[in-house]
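I sat down with this structure to look up its sheets, its core and its empty spaces. These are my notes, in the order I took them.

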Amino acid sequence: MNPGGIIVKEDPKELARVAAEKIINTALRAVRLRGTFTMALSGGNTPILTYEALASREYEGDMPWDKTQIYWCDERCVSPDHPDSNYGLVHRHMLSKLDLHSEQIHRIIGEDPDYEHAAAVYGRLIPPVMDLLVLGMGEDGHTASLFPGSPALAEPKHKVVQVVSPKPPPHRITISPIAINNARHLMVLVTGKQKAPVVMRALVGEWDPDKTPAQLARRGLWFLDREAAAGV
Ligand code: 6PG
């Protein structure tokens with residue numbers, strides 16, 4: 001089990017390089033131990049620099065891409081070419097620069113108008129234990145698309161659920177706390193001073209994941225820039 005920890009770097013770009021290196025090391029270790037590496041990625045602005053770093057010349061040849069299977073932590077219910085699509089974001093900033101087989105890319109079918117169906121299909125697709133989840137956190141303490149007060153936080157059985165989000169776009173498919181708890185490693189990327197108070201709540205606040213869902217990732221490795229780490 002990942003023991004957790006906090007890494008603070010001066011600026012987001014430097015943070016992204018350290019995060020990319022952590023992903024590479026986690027992947028190499030997973031491949032050494034199990035022959036394969038499964039990781040689920042998030043949307044949002046924060047991880048973009050990390051996705052770009054991973055696909056950059058700087059790390060060319062370092063990541064065992066041929067043994068890597070890519071999944072998503074959550075998806076907005078839009079088509080893959082929509083600007084809000086998390087698949088689209090990862091594609092633009094990383095996948096389009098790599099040469100992966102389509103069988104290595106396991107996206108959530110955000111364009112399925114039957115959200116329950118999309119969640120059920122994706123729930124069957126993801127491995128029971130993911131090697132790594134790359135998560136972010138919103139100013140309200142959400143992670144993946146698990147928002148404060150969401151019934152999804154009490155999901156007793158399914159690894160993937162559909163939710164109605166208070167942030168647009170309203171319909172989303174997300175991993176549940178079960179999938180977060182099952183994952184071998186968690187990385188949480190957070191930058192910006194506006195998130196400093198919620199970083200504190202997530203890491204050391206009273207345990208209440210219904211109010212601060214990102215507490216579910218407390219055992220993970222947190223990558224913070226100086227501003228987000230202001231209170232730590
Ligand atoms: C999503 C994400 C979400 C994200 C946070 C932080 O699809 O929106 O998966 O959980 O990580 O909202 O987003 P920023 O990095 O843009 O602040």
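What follows is a set of short entries, one topic at a time.

**Entry 1: the six-stranded sheet.** I reminded myself at the outset that this is a predicted model. I looked up the parallel sheet before anything else. It is open, has six strands and runs in the order E1-E9-E8-E5-E2-E3. Strand E1 (5-9) and strand E3 (68-72) sit at the edges with a single partner strand each, so each has one side without a neighbour in the sheet. On average, neighbouring strands here are turned by 20° against each other, direction ignored.

I then zoomed in on one pair. Strand E2 (residues 37-41) and E3 pair in the parallel sense over five bridges. Which residue of E3 is the bridge partner of Met39? I found Ile70 there.

**Entry 2: a helix over that sheet.** I checked what H1 lies across. The list is E1, E2, strand E5 (132-136), strand E8 (185-190) and strand E9 (221-225). Against E9, H1 runs at about 160°.

**Entry 3: the three-stranded sheet.** The second sheet I looked up is also described as open, and its strands come in the order E4-E7-E6 with antiparallel pairing. Its edge strands are E4 (74-76) and E6 (160-164), and each pairs on one side only. Neighbouring strands of this sheet are turned by 20° on average, again ignoring direction.

I counted the E6 pairing with strand E7 (residues 171-175) as well: five bridges, antiparallel. Val160 stands opposite Ile175 in E7. Helix H4 (residues 115-125) lies across E6 and E7, at about 150° to E6.

**Entry 4: the core.** I wanted to know which residues have the most contacts inside the largest nonpolar core. They are Met39, Met94, Leu133 and Trp222, in a core of 73 residues. Helix H1 (residues 12-34) gives the largest share of this core, eight residues. My reminder to self: nonpolar side chains tend to be buried together in soluble globular proteins.

I followed Met94 outwards. Setting aside neighbours within four places in sequence, Met94 is in contact with Leu41, Tyr51, Leu54, Ala55, Trp65 and Ile70. Ile70 had already turned up in my notes as the bridge partner of Met39.

**Entry 5: helix H3.** Is H3 largely enclosed or left open by the rest of the structure? Six of its eight residues are buried, so H3 is largely enclosed. I wrote down the buried ones in H3: Asn86, Tyr87, Gly88, Leu89, Val90 and His93. They pack against E2, helix H2 (48-54), E3 and E4, so to speak for both sheets: E3 belongs to the six-stranded one and E4 to the three-stranded one.

**Entry 6: the pocket.** The largest pocket has a volume of about 530 Å³. I got 27 lining residues for it, with Gly43, Gly44, Asn45, Arg76 and Lys167 nearest its centre. E4 and helix H3 (86-93) each supply at least two residues of the lining. H3 gives the largest share, three residues.

**Entry 7: closed spaces.** How many cavities of 30 Å³ or more does a search of the whole structure find? I noted two. The largest cavity holds about 70 Å³ of space. Its lining includes Ala40, Leu133, Lys159 and Ile175, along with the run Ile126, Pro127, Pro128, Val129 and Met130. Two of these names were familiar to me: Leu133 from the core list, and Ile175 from the Val160 pairing.

Conventions: Residues are numbered from 1 along each chain as its sequence is written. This is a predicted model: local features need pLDDT of at least 70, side-chain atom pairs count only at pLDDT 80 or more; totals for chains, interfaces and linings use all residues. Side-chain values use heavy atoms; hydrogens and water are left out. Two strands pair if DSSP finds at least two bridges between them. Helices (H or I, at least four residues) and strands (E, at least two) are DSSP runs, numbered from the N terminus. Axes are lines fitted to C-alpha atoms, for helices over the stretch in contact, and angles run from 0 to 180 degrees between N-to-C directions. Contact means heavy atoms within 4.5 Å. A nonpolar core is a set of buried Ala, Val, Leu, Ile, Met, Phe, Trp, Tyr and Cys residues joined through side-chain atoms within 4.5 Å. Buried means under 20% relative accessible area, exposed over 50%, partly exposed in between (1.4 Å probe, protein chains only). On a 1 Å grid over the protein atoms alone, a cavity is a set of points where a 1.4 Å probe fits but cannot get out, and a pocket is an open set with protein on both sides within 12 Å along at least five of seven lines; lining residues have an atom within 4 Å of a point. Grid points are joined across faces, edges and corners, and a volume is the space filled by probe spheres set on the points.
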